[in-house]
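Hello,

I am passing a structure on to you, and I hope you enjoy looking through it. Please open it first, and then read my notes below.

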Amino acid sequence: STSSLLESPEGTSFTHTALYQHLHKIGENKIASSLMRCGHEQRGVVMTNCSGCELNRITPLDYRCNFSICPNCYKKRKSRILRDYLPILNKFKVCNRHNNIMSYGLRFLTISPRNYDSVKEGFEHIRKSFQKLIRRKYIQERLDGYIYCIEGKQKENYSWNIHLHAIILSKFL
């Protein structure tokens, strides 16, 4: 049943409808309604004029919620991130020898510690911890460069889920 899916993460299927219902259930009505409207409701139109062929075209603009969990907005967000970062990452010469774990490569690293009571404390702790990690001799010998971002989100119990995403150019760690 749908109610057991909402209460238990062990449900056999997960639908967007179940997500919307769950958000309503926990009081996140604004987020749920924004997700439900995404991609459907018009918020205006764009009129384009081509001076060469004198063609006028009206293009409707669909509503976008811009949530990372939204199935409509996720692809757009992913494309934007790839567009912004891929040209930078493609500049790196990466050795791709098959079955050679000591070659350099781009690797994705996520560090997600337990939740914090304070956002300031969490950001400061995870930043200092990452800096301490990359100063270790073992890491220094294998790491050639990195970029990272720290994200945080407040949870229902007012604790903060703060985590770090990094793309590192390194040998196998």
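Here is what I found, starting with the whole chain and moving on to a few details.

Please keep in mind that this is a predicted model. The chain has a mean pLDDT of 75, with 76% of its residues at 70 or more. Confidence varies along the chain: among its elements, helix H5 (residues 119–134) has the highest mean pLDDT, 92, and helix H1 (residues 2–7) has the lowest, 39. Over residues 1–14 the pLDDT stays under 50, and the model has nine contacts beyond four places in sequence for that stretch. I would ask you to read that part with care.

Now for the overall layout. The chain contains six helices and five strands. Starting at the N terminus, their order is α-α-α-β-β-α-β-α-α-β-β. Of the 173 residues, 19% count as buried. The accessible surface of the chain is about 13300 Å², and carbon and sulfur atoms account for 53% of that. Among contacts with a separation of 6 or more, 49% are between residues 24 or more positions apart.

Helix H3 (residues 29–37) is a good place to begin with the details. Its buried residues are Ala 32, Ser 34 and Leu 35. Viewed down the axis of H3, these buried residues fall within an arc of 165°, so they line one face of the helix. Just after H3 comes Gly 39, which has a positive phi of about 85°.

On the surface you will find a nonpolar patch. Which residues form it? They are Ile 81, Tyr 85, Ile 88 and Ile 147, and together they have about 330 Å² of accessible area. Helix H4 (residues 71–90) gives the largest share of this patch, with three residues. Tyr 85 is in helix H4. With a relative accessible area of 41%, Tyr 85 counts as partly exposed, because it falls between the limits of 20% for buried and 50% for exposed.

Next come the charged pairs. Side chains of opposite charge can pair when their charged atoms come close. The structure holds five salt bridges. In one of them Lys 128 pairs with Glu 124, and their closest N and O atoms are 3.7 Å apart. Both residues lie in helix H5, four residues apart, which is about one turn of the helix. Lys 128 is partly exposed, at a relative accessible area of 48%, and Glu 124 is partly exposed as well, at 33%. Glu 124 and Lys 128 also belong to a network of salt bridges with Arg 127.

Helix H6 (residues 137–142) has a pair with a similar spacing: Glu 141 and Lys 137 are four residues apart, so about one helical turn separates them. Their side chains meet in a salt bridge of 4.0 Å, N to O. An α-helix has 3.6 residues a turn, so residues three or four places apart point the same way. Lys 137 is exposed, with a relative accessible area of 64%, while Glu 141 is partly exposed, with 44%.

Glu 141 has another salt bridge, with Arg 142, at 3.4 Å from N to O. Is Arg 142 buried or exposed? Arg 142 is buried, because its relative accessible area of 17% is under the 20% limit.

I hope this helps you find your way around.

Best wishes

How values were computed. Residues numbered from 1 in each chain as written. Predicted model: local features only at pLDDT ≥ 70, side-chain atom pairs only at ≥ 80, totals over all residues. Heavy atoms only, no water. Patch = residues over 30% accessible without salt bridge, like charges linked within 9 Å, V, L, I, M, F, W, Y side chains within 5 Å. Areas by Shrake-Rupley, 256 points an atom, 1.4 Å probe, with all protein chains shown as cover. Helix = DSSP H or I, 4+ residues; strand = E, 2+ residues; numbered from the N terminus. Buried < 20%, exposed > 50% of the residue type's maximum accessible area, 1.4 Å probe, protein only. pLDDT = per-residue confidence, 0-100. Contact = heavy atoms within 4.5 Å. Arc of directions from axis to C-beta.
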